[in-house]
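Visitor: I should like to look closely at one part of this structure, namely its largest nonpolar core. Could you please guide me through that part and its surroundings?

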Amino acid sequence: MPSIFLLLAVFVAAVPWAIPSEASFILPLLLIIFVFVLTLQRRRVLPSLSVFIAGLLMDILTAGPLGYWAIIFLLTHTLAALYAKRNTHPGFGMLWLAFAATAVLASISGWALASLYFVRLIDWQPMLIGSAVTVALFPLVAWPMRRSLGLVPAGMFARWG
């Protein structure tokens with residue numbers, strides 16, 4: 001179920017919406033919310049292979065460098081799994097803070113990877129805007145997602161539910 005949900009989210013994010021170039025990373029970075037939240041669930045496991053495939057699919061659908069989003073999604077998945085092992089019942093504030101740190105690290109890594117790919121320093125502002133919007137929208141995306149997937153009262157979300 002989590003893998004299917006993630007793949008559907010990839011298809012929605014890959015649709016060519018009429019978004020200005022400064023906001024081009026918002027939709028792909030919103031997917032790290034899905035990866036983060038789905039990874040934290042204890043009853044329904046999100047396999048690393050599904051995260052990798054979702055990243056490759058995002059690369060293919062957006063005509064980006066192959067492996068770019070796969071690396072970012074796997075980084076998010078790994079950080080969420082580490083966080084889940086260390087904190088069994090955090091409040092929502094700590095969860096949001098952990099996601100913010102994950103989003104910042106994923107954005108910096110994405111910027112560095114893109115700079116390496118293009119062999120020059122690329123503009124960092126679109127990635128900064130995408131990261132800030134993703135962190136700000138975390139509660140609005142994570143809350144309905146956990147409700148609609150029936151993820152209550154499992155694991156990390158038991159305390160804010």
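Guide: What follows describes the core first, then the largest pocket, and finally the confidence of the model.

The model is a predicted one. Its largest nonpolar core comprises 43 residues, and within this core Phe36 and Phe73 have the most contacts. Six helices each give two or more residues to the core: H1 (2-14), H2 (26-40), H3 (48-61), H4 (68-86), H5 (92-118) and H6 (125-148). The largest share, 12 residues, comes from H2. As a general matter, nonpolar side chains tend to be buried together in soluble globular proteins.

Phe36 deserves a separate description. Apart from its neighbours within four places in sequence, Phe36 is in contact with Thr76, Ala80, Tyr83, Leu95, Ala98, Phe99, Thr102 and Phe138.

The largest pocket has a volume of about 520 Å³. Its lining consists of 26 residues, and those nearest the centre of the pocket are Ser24, Phe25, Pro28, Thr62 and Trp69. H1, H2, H3, H4 and H5 each contribute two or more residues to this lining, with H3 giving the most, three residues. By type, the lining divides into 19 nonpolar, four polar and three charged residues.

As to confidence, the chain has an average pLDDT of 87, and 89% of the residues score at least 70. Among the elements, H3 has the highest mean pLDDT, 96, and H6 the lowest, 88. Over residues 151-156 the pLDDT is below 50, although this stretch has 23 contacts in the model beyond near neighbours in sequence. Where pLDDT is low, the predicted coordinates should not be read in detail.

Notes:
Residues are numbered from 1 along each chain as its sequence is written. This is a predicted model: local features need pLDDT of at least 70, side-chain atom pairs count only at pLDDT 80 or more; totals for chains, interfaces and linings use all residues. Side-chain values use heavy atoms; hydrogens and water are left out. A nonpolar core is a set of buried Ala, Val, Leu, Ile, Met, Phe, Trp, Tyr and Cys residues joined through side-chain atoms within 4.5 Å. Buried means under 20% relative accessible area, exposed over 50%, partly exposed in between (1.4 Å probe, protein chains only). Helices (H or I, at least four residues) and strands (E, at least two) are DSSP runs, numbered from the N terminus. Contact means heavy atoms within 4.5 Å. On a 1 Å grid over the protein atoms alone, a cavity is a set of points where a 1.4 Å probe fits but cannot get out, and a pocket is an open set with protein on both sides within 12 Å along at least five of seven lines; lining residues have an atom within 4 Å of a point. Grid points are joined across faces, edges and corners, and a volume is the space filled by probe spheres set on the points. Ala, Val, Leu, Ile, Met, Phe, Trp, Tyr, Cys and Pro count as nonpolar, Asp, Glu, Lys and Arg as charged, and the others, Gly among them, as polar. pLDDT is the predictor's confidence in each residue, from 0 to 100.
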